[in-house]
Structure formats: C-alpha cells, structure tokens
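Good morning, colleagues. Please look at the sequence and the structure as they appear, and follow along as I begin with one residue and then turn to the sheet around that residue.

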Amino acid sequence: MKILFISSMAIVAPDPAQSRKLFIDTLGLPLERHEGDDYYFSEHIGGSRHFGVWPLSQAAEACFGSRDWPADRPVPQACIEFEVEDLDSVAAAAEELEAKGYALLHGARTEPWGQTVARLLTMEGVIVGISYAPWMH
C-alpha cells in the first residue's frame, strides 16, 4: 500500500464536553461544531489537514453500527487516518492488512460524507483508518 499523508487525527472522547474544554477553551484551537452532531473539528490548524474531538459514541457507530463501544474491545483513545491515492486503494489496503493478520473493525466502505475508509484497532487503543477523501486530492 502507498500512504500519501496523514489525513486526519482525532481524540476519541468518552466525555466530549470535557475534552473540548482542553482543546477549545484552554488551547484555543479553532474547532467548529459539525452541523447536527457533537463532533468538533478544524481544517485550519497548521501541520494538520484535519483535527477533531470524536465522541466515543460516534466512533462506535462508525465502526460497529451501535452507539455503544463493545465491552470486549479496548476503548480507543485516538484515531489517525492515512490517505491513499484513490478509491480502489482503500479496499486493496484492507485486503493487505487482513492478509498480514490484522483484524479490521470494518472493511472498505463509503461514509455518508463521501470518505471511503477501512479501520482497525491497534493494541494501544488507536483506531487506524486507511482512507480516501476526494476533497483532499
């Protein structure tokens, strides 16, 4: 697989309001609320294409289709996404990861906002996404 760049970094927050106190109120990051939900993000922080505070409930829904994180899996602390060059490269990367013994949280799929991503959970509790977001190309 050919990774082009880190496309996104997000803190996975069990208590998003508390996390926002640090990132917005104390650090002064220009995070904006995503319309209609509790996800805060910015694409205007130097050195980062996208930084967010991702509610754990939304991470669970994105990975498992339920707002509850499964009790038999480590609770993630963060999410990092690596961008590949095209849509087909996401599925190829997912197959490569599985062939090397990595269990995916889910295979390549296109999210409602247009990003195609496959995700796994590391033993350190980090969600790793292999992604293609057309607007970043």
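Setting aside its neighbours within four places in sequence, Ser 8 is in contact with His 50, Cys 79, Ile 80 and Glu 81. I should say at once that this model is predicted. Is Ser 8 buried or exposed? Its relative accessible area is 9%, and because buried means under 20%, Ser 8 counts as buried.

Where does Ser 8 belong? Ser 8 lies in strand β1. Strand β1, residues 3–13, pairs with strand β5, residues 78–84, in the antiparallel sense over 7 bridges. In this pairing, Ser 8 stands opposite Glu 81, which is also among the contacts of Ser 8.

Strand β1 has another pairing, with strand β4, residues 51–55, which is parallel and runs over 5 bridges. Here Met 9 faces Phe 51 of β4, and Ile 11 faces Val 53 of β4. As a general point, strands of a sheet pair through backbone hydrogen bonds, either parallel or antiparallel.

Let us now turn to the whole sheet. The sheet is open, has 8 strands with mixed pairing, and follows the order β2-β3-β4-β1-β5-β8-β7-β6. Strands β2 and β6 stand at the edges with a single partner strand each, so one side of each has no neighbour in the sheet.

Helix α1, residues 16–26, packs on this sheet and touches β1, β3 and β4. The direction of helix α1 makes about 160 degrees with that of β4. Helix α2, residues 56–64, lies across β1, β4, β6, β7 and β8, and runs at about 85 degrees to β4.

Definitions and conventions. Residues are numbered from 1 along each chain as its sequence is written. This is a predicted model: local features need pLDDT of at least 70, side-chain atom pairs count only at pLDDT 80 or more; totals for chains, interfaces and linings use all residues. Side-chain values use heavy atoms; hydrogens and water are left out. Two strands pair if DSSP finds at least two bridges between them. Helices (H or I, at least four residues) and strands (E, at least two) are DSSP runs, numbered from the N terminus. Buried means under 20% relative accessible area, exposed over 50%, partly exposed in between (1.4 Å probe, protein chains only). Contact means heavy atoms within 4.5 Å. Axes are lines fitted to C-alpha atoms, for helices over the stretch in contact, and angles run from 0 to 180 degrees between N-to-C directions.
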